[in-house]
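Hi everyone, thanks for making time. I'd like to walk you through one structure today, so have a look at it first and then we'll go through it piece by piece.

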Amino acid sequence: MGVTGSKAGSMASTGADHFTPETRVSFVLDASSKGCTGMFWRTSPSMSASSTAADWPRNGAQLQGWVSKEHPGWVRVDHPSGFWLPIEQSGHTVVHLPK
């Protein structure tokens, strides 16, 4: 499941973040270390901001988005709804970025 080419890619800069096609990265979601099958989207960079959207990514999903400088530890996903994902949850990496 990959969500790419959305309007989020044309976003202007917000604060310290520069969400442009040039700064977009690919990553893989894997929350299996905590026994989860995936992770719910977040509507903002906050663990308590879970979304009930049915298209939440399952483990192994290849996604694209931007690592936030304004919100360290968060990725803004290239998704039409502008969802977010935490890089770690409970001390375990769930968003696996390229090295």
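**A walk through the chain**

Let's start with one residue, Ser-68: its relative accessibility is 5%, so it counts as buried. You'll find Ser-68 in the loop that runs between E2 and E3. What does Ser-68 touch, once we leave aside its neighbours within four places in sequence? The answer is Asp-17, Trp-74 and Trp-84.

Before I go on, a word about what you're looking at. This is a predicted model. The average pLDDT over the chain is 87, and 86% of the residues score at least 70. The part to be careful with is residues 1-12, where pLDDT stays under 50. The model does have 33 contacts for that stretch beyond four places in sequence, but please keep the low score in mind when you look at them.

Okay, the overall layout. How many helices and strands are there? We have 0 helices and 7 strands, so reading along the sequence gives you β-β-β-β-β-β-β. The chain has 99 residues, and 37% of them count as buried. About 5,300 Å² of the chain is exposed, with carbon and sulfur atoms supplying 53% of that area. And if you take contacts between residues at least 6 apart in sequence, 61% of them join residues at least 24 apart.

Now, how do the strands go together? Let's follow E1, which covers 25-29. E1 pairs with strand E2, residues 62-67, in the antiparallel sense, and there are 4 bridges between them. Within E2, the residue opposite Phe-27 is Leu-63. E1 is also joined to strand E7, residues 95-96, by 2 bridges, and those two run antiparallel as well. There, Val-28 stands opposite His-96. As a general reminder, side chains in a regular strand alternate between the two faces of the sheet.

On to the inside. Which residues have the most contacts within the largest nonpolar core? That core has 15 residues, and the ones with the most contacts inside it are Phe-27, Leu-29, Met-39, Trp-41, Leu-63, Leu-85 and Val-95. Two elements give two or more residues to this core: strand E1 and strand E3, which spans 74-77. You'll recognise Phe-27 and Leu-63 from a moment ago, the two that stand opposite each other.

Let me zoom in on Leu-85 from that list. Leu-85 sits in strand E4, and its relative accessibility is 0%, so it counts as buried. Not counting residues up to four places away in sequence, Leu-85 touches quite a list, including Phe-27, Leu-29, Met-39, Trp-41, Leu-63 and Val-95. Pro-57, Gly-73 and Trp-74 are also among its contacts. Phe-40 is another one; the C-alpha atoms of Leu-85 and Phe-40 are 8.1 Å apart, while in sequence the two are 45 residues apart.

Next, charges. A search of the whole structure turns up 1 salt bridge, and it is formed by the side chains of Asp-78 and Arg-24, at 2.9 Å, N to O. Why does this pair tie together parts that are 54 residues apart in sequence? Because Asp-78 lies in the loop between E3 and strand E4 (84-86), whereas Arg-24 is in the segment before E1. Are the two partners buried or exposed? Asp-78 is buried, at 0% relative accessibility, and Arg-24 is partly exposed, with a relative accessible area of 28%.

Two more serines and then I'm done. Ser-44 is in the loop between E1 and E2, and with a relative accessibility of 29% it counts as partly exposed. Setting aside neighbours within four places in sequence, Ser-44 is in contact with Ala-49, Trp-74 and Trp-84. Remember that Trp-74 and Trp-84 came up for Ser-68, too. The C-alpha atoms of Ser-44 and His-71 are separated by 9.9 Å, and along the chain those two are 27 residues apart.

The other serine is Ser-90, in the loop between strand E5 (88-89) and strand E6 (92-93). Most residues other than glycine have a negative phi. Ser-90, though, has a positive phi, near 55°. And Ser-90 is exposed, with a relative accessible area of 57%.

That's the tour. Happy to take questions!

Technical notes: Residues are numbered from 1 along each chain as its sequence is written. This is a predicted model: local features need pLDDT of at least 70, side-chain atom pairs count only at pLDDT 80 or more; totals for chains, interfaces and linings use all residues. Side-chain values use heavy atoms; hydrogens and water are left out. Buried means under 20% relative accessible area, exposed over 50%, partly exposed in between (1.4 Å probe, protein chains only). A nonpolar core is a set of buried Ala, Val, Leu, Ile, Met, Phe, Trp, Tyr and Cys residues joined through side-chain atoms within 4.5 Å. A salt bridge is a side-chain nitrogen of Lys or Arg within 4 Å of a carboxyl oxygen of Asp or Glu. pLDDT is the predictor's confidence in each residue, from 0 to 100. Contact means heavy atoms within 4.5 Å. Two strands pair if DSSP finds at least two bridges between them. Accessible areas come from the Shrake-Rupley method with a 1.4 Å probe; for residues, only the protein chains shown count as cover.
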